[in-house]
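Welcome! Please take a moment with the sequence and the 3D view below, and then we will walk through them together.

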Amino acid sequence: MCYVVSVYAVNAYANHVTSSKYRCPVGVSLGTRLRELRTSRELTLAQTARAADISVSYLNDIEHDRTVPTLGRLQRLAEAFDLDARGLLQGVDPFGTRT
């Protein structure tokens with residue numbers, strides 16, 4: 001998910017103000033982050049769920065942002081990807097904004 005911010009800069013040589021638009025990245029949902037990790041490692045839902053000791057349907061619900069895992073399950077998901085919790089949550093929007 002991205003949004004556009006207008007940035008104004010003074011051009012010292014031309015003595016005028018110019019406006020530019022930049023796309024600024026913001027965090028993704030936890031579900032999106034998990035799906036990106038899983039697919040980048042070419043893992044199926046079943047393989048990931050088995051490694052994290054959760055059900056496939058529960059993992060699917062997390063990936064589609066229909067539920068939020070408990071801290072314990074979040075830790076098991078991180079371990080399934082060989083990450084710590086910080087690595088798992090890298091890039092996740094702390095406010096839960098869906099993409």
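Which helices do the buried residues of H3 pack against? Keep that question in mind while we get our bearings; the reply comes in the section on helix H3.

## Getting oriented

A first thing to know is that this is a predicted model. The protein contains five helices and two strands. If you start at the N terminus and walk along the chain, the elements appear in the order β-β-α-α-α-α-α.

Two overall numbers help to set the scene. The protein has 99 residues, and 28% of them count as buried. Now take the contacts between residues at least 6 apart in sequence: 48% of these join residues at least 24 apart.

## Helix H3 and its buried face

Back to the opening question: the buried residues of H3 pack against H1, H2 and H4. The residues concerned are Tyr58, Leu59, Ile62 and Glu63. If you look down the axis of H3, these buried residues fall within an arc of 140°, so they line one face of the helix.

What follows H3 in the chain? There you meet Asp65, with a positive phi near 55°. We will visit Asp65 again a little later.

## Helix H4 and its partners

Helix H4 covers residues 71–80, and its buried residues are Leu74, Leu77 and Ala78. They span an arc of only 100° around the axis, which means that they sit on the same side of H4.

Which elements do these buried residues pack against? The list is helix H1 (30–40), helix H2 (45–52), helix H3 (56–63) and helix H5 (85–89).

## Where H2 crosses H4

Let us zoom in on one pair of helices. The axes of H2 and H4 come within 8 Å and cross at roughly 115°. This crossing is right-handed.

Which residues meet here? From H2 come Thr48, Ala51 and Ala52, and from H4 come Arg76, Leu77 and Ala80. Sorted by character, the residues of this contact are four nonpolar, one polar and one charged.

## Arg76 and the loop beside it

Arg76 belongs to helix H4. Is Arg76 buried or partly exposed? Its relative accessibility is 30%, so Arg76 counts as partly exposed; the cut-off for buried is under 20%. Setting aside neighbours within four places in sequence, Arg76 touches Ala52, Asp53 and Ile54.

Look at Asp53 in particular. Arg76 and Asp53 are 23 residues apart along the chain, yet their C-alpha atoms are separated by 7.4 Å. A polar atom of the Arg76 side chain lies 3.4 Å from the backbone oxygen of Asp53.

## Ile54, a buried loop residue

Ile54 sits in the loop between H2 and H3. Its relative accessibility is 12%, and because buried means under 20%, Ile54 counts as buried.

What does Ile54 touch? Leaving out residues up to four places away in sequence, its contacts are Ala49, Leu59, Arg73, Arg76 and Leu77. For one of these, Arg76, we can add a distance: the C-alpha atoms of Ile54 and Arg76 are 8.7 Å apart, while the two residues are 22 residues apart along the chain.

## Two aspartates with positive phi

Now for a pair of residues in loops. Asp65 is in the loop between H3 and H4, and Asp82 is in the loop between H4 and H5. Asp65 is not a glycine, but it has a positive phi of about 55°. Asp82, also a residue other than glycine, has a positive phi near 60°. In the chain, Asp82 comes just after H4.

Are these residues buried or exposed? Asp65 has a relative accessible area of 15%, so it is buried. Asp82 has a relative accessible area of 71%, so it is exposed; here the cut-off is over 50%. The side chain of Asp65 also has a partner to look for in the 3D view: it reaches the backbone nitrogen of Gly31 at 3.2 Å.

Key: Residues are numbered from 1 along each chain as its sequence is written. This is a predicted model: local features need pLDDT of at least 70, side-chain atom pairs count only at pLDDT 80 or more; totals for chains, interfaces and linings use all residues. Side-chain values use heavy atoms; hydrogens and water are left out. Buried means under 20% relative accessible area, exposed over 50%, partly exposed in between (1.4 Å probe, protein chains only). Helices (H or I, at least four residues) and strands (E, at least two) are DSSP runs, numbered from the N terminus. The arc is that of the directions from the helix axis to the C-beta atoms. Contact means heavy atoms within 4.5 Å. Axes are lines fitted to C-alpha atoms, for helices over the stretch in contact, and angles run from 0 to 180 degrees between N-to-C directions. A crossing is left-handed if the near helix is turned anticlockwise from the far one by less than a right angle, and right-handed if clockwise. Ala, Val, Leu, Ile, Met, Phe, Trp, Tyr, Cys and Pro count as nonpolar, Asp, Glu, Lys and Arg as charged, and the others, Gly among them, as polar. A polar contact is a pair of N or O atoms within 3.5 Å; within protein, one must be able to donate a hydrogen and the other to accept it, and residues adjacent in sequence count only if both atoms are side-chain atoms.
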